[in-house]
Amino acid sequence: MTNLTGRGPLGLKQPKPERAKKKGLPRVSKKRAAYLASPERVAGKEHMGRVAQLRCLVCGAWPVEVHHEGKPRSDMNCLPLCPRHHRREFGPGAYHYSPKAFYAAHGPSKELLEKVRKMLNAL
């Protein structure tokens with residue numbers, strides 16, 4: 001059934017022609033996928049979960065954000081910092097505002113990581 005212009009009734013649409021689909025890039029590289037499935041990653045996530053249960057290393061506030069420390073970054077080297085002592089937007093005293101000033105006020109990275117290890121052992 002068509003009208004004078006040769007079109008079908010309103011509401012019915014003509015099917016679109018098939019287009020060749022582009023092959024997308026993988027969201028995760030093979031190397032990254034292998035790391036995500038590794039026991040090292042599982043242990044790192046477990047450790048970060050325990051660190052996230054601690055209070056802020058500086059002021060004792062809770063909840064905290066887990067800050068990765070050292071180079072290369074590792075999930076096993078992280079500090080519990082409250083947002084006020086972690087984020088740049090909170091100004092002086094925050095790690096990401098000035099890491100040098102943060103270390104000058106609270107001690108070097110190795111001492112802070114050792115303090116975290118002692119806090120975890122005390123649990």
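Which exposed residues does the face of helix 5 turned away from its buried side carry? The first legend below gives the answer, and a few more close-ups follow. This is a predicted model, in which local features need pLDDT of at least 70, side-chain atom pairs count only at pLDDT 80 or more, and totals for chains, interfaces and linings use all residues. Residues are numbered from 1 along each chain as its sequence is written, and side-chain values use heavy atoms, with hydrogens and water left out.

**View 1. Helix 5 and its two faces.** Helices (H or I, at least four residues) and strands (E, at least two) are DSSP runs, numbered from the N terminus. Helix 5 covers residues 109–122, and its 14 residues reach 20 Å from first C-alpha to last, close to the 20 Å expected at 1.5 Å a residue; the expected span is 1.5 Å times one less than the number of residues. Its buried residues are Ser-109, Leu-112, Leu-113, Val-116 and Leu-120. Down the axis of helix 5, these residues fall within an arc of 100 degrees, so they line one face of the helix. The arc is taken from the directions from the helix axis to the C-beta atoms. An α-helix has 3.6 residues a turn, so residues three or four places apart point the same way. The face turned away from the buried side carries the exposed residues Lys-110, Glu-111, Lys-118, Asn-121 and Ala-122. Here, buried means under 20% relative accessible area, exposed means over 50%, and partly exposed lies in between (1.4 Å probe, protein chains only). The buried residues of helix 5 pack against helix 2, strand 2 (78–81) and helix 4 (99–106), where contact means heavy atoms within 4.5 Å.

**View 2. Arg-41 in helix 2.** Look along helix 2 (residues 39–52) to find Arg-41. Arg-41 is buried, with a relative accessible area of 17%. Leaving aside residues up to four places away in sequence, Arg-41 touches Tyr-35, Leu-36, Met-48 and Asp-75.

**View 3. An aromatic cluster of Tyr-95, Phe-102 and Tyr-103.** The structure holds three aromatic pairs. Rings of Phe, Tyr and Trp (its six-membered ring) pair if their centres lie within 6.5 Å; planes under 30 degrees apart count as stacked, over 60 as edge-to-face and the rest as tilted. Tyr-95 and Tyr-103 make an edge-to-face pair, 5.7 Å centre to centre with 75 degrees between the planes. Phe-102 and Tyr-103 have ring centres 6.1 Å apart and planes at 70 degrees, so this pair is edge-to-face. Phe-102 is buried at 2% relative accessible area, Tyr-95 is buried at 9%, and Tyr-103 is partly exposed at 24%.

**View 4. Cysteines without a disulfide.** A disulfide is a covalent bond between the sulfur atoms of two cysteines. The structure holds zero disulfides, counted as pairs of cysteine sulfur atoms within 2.5 Å. Why does Cys-56 not bond with Cys-82? The Cys-82 sulfur is the closest cysteine sulfur to that of Cys-56, but at 3.7 Å it is too far for a bond. For Cys-78, the closest cysteine sulfur is in Cys-56, 14 Å away and too far for a bond. Cys-56 is buried at 5% relative accessibility, and Cys-78 is buried at 1%.

**View 5. Arg-55 in the loop between helix 2 and strand 1 (65–68).** Arg-55 is partly exposed, at 49% relative accessibility. Its contacts, not counting residues up to four places away in sequence, are Gly-60, Ala-61, Trp-62, Val-64, Pro-80 and Met-119. Arg-55 and Met-119 are 64 residues apart along the chain, and their C-alpha atoms are separated by 9.4 Å.
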